[in-house]
Amino acid sequence: MKKFFSLFVALFVFVAVGYAQKGVLKFAKETHDFGKVEQGKPVTYVFEFKNAGTDPVVINDATASCGCTKPSWTREPVMPGKTGSVSATFNAAAAGPFNKSVTVTSNAEGGQTVLYLKGEVVAQKDAQTVATPAVAPVGKDKKKSR
């Protein structure tokens, strides 16, 4: 009975250690706020990640919450300690606030990670006033130095 129990414990430890060794995705940032985005102009953000685990990480898929967002990702395995990326391009067609997600599926611990894009799509004229700050008038009270 002792031999059977010892064998069972040894097998359990071996299996547990085998499952514990996985890749771990550590994203530098899981949410990006674009702020105000000009209508009709696609915007892209690249989410960088590091494999903090012991096994290579392979991203199987990245799925956007809607057709207005197109993800792309590092296709080759990311070795332990190395970095990879998931890029998401949002087509800013409709005016108004947006909050989109990209679900990343991989062989890493946890299996799925959700990344978020948010901001507000504004008309072209509104975007230009936000992008171009008002220029301060040149002061006439400054003394000329000679």
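Here is a quick tour of the fold, its two sheets and one buried threonine.

A word on the source: this is a predicted model, in which local features need pLDDT of at least 70 and side-chain atom pairs count only at pLDDT 80 or more, while totals for chains, interfaces and linings use all residues. Residues are numbered from 1 along each chain as its sequence is written, and side-chain values use heavy atoms, with hydrogens and water left out.

**Overall picture**

The protein has 2 helices and 8 strands, where helices (H or I, at least four residues) and strands (E, at least two) are DSSP runs numbered from the N terminus. Along the sequence they follow the pattern α-β-β-β-β-β-β-β-β-α. Of the 146 residues, 29% are buried, and buried here means under 20% relative accessible area, with exposed being over 50% and partly exposed in between (1.4 Å probe, protein chains only). The protein exposes about 10200 Å², with carbon and sulfur atoms supplying 58% of that area; accessible areas come from the Shrake-Rupley method with a 1.4 Å probe, and for residues only the protein chains shown count as cover. Take the contacts (heavy atoms within 4.5 Å) between residues at least 6 apart in sequence: 65% of them join residues at least 24 apart.

**The two sheets**

Strands of a sheet pair through backbone hydrogen bonds, either parallel or antiparallel. For this report, two strands pair if DSSP finds at least two bridges between them.

| Strand order | Pairing | Edge strands |
|---|---|---|
| β1-β3-β6-β5 | antiparallel | β1 (25–27), β5 (69–73) |
| β2-β8-β7-β4 | mixed | β2 (31–38), β4 (59–64) |

In the antiparallel sheet, the twist averages 25° from one strand to the next. Angles run from 0 to 180 degrees between N-to-C directions, using axes that are lines fitted to C-alpha atoms, for helices over the stretch in contact. At the β5 edge, 5 bridges join that strand to β6 (residues 83–90), and the two run antiparallel. K70 has T89 in β6 as its bridge partner.

Over in the mixed sheet, neighbouring strands are turned by 20° against each other on average, direction ignored. Here β4 is joined by 5 bridges to β7 (residues 96–106), again running antiparallel. A64 sits opposite V102 of β7.

**A look at T113**

T113 belongs to strand β8 (residues 112–122). T113 counts as buried because its relative accessible area is 16%. Leaving aside neighbours within four places in sequence, T113 contacts L25, F27, E30, V102, T103 and V104. As for L25, its C-alpha lies 8.4 Å from that of T113, though the two are 88 residues apart in sequence.
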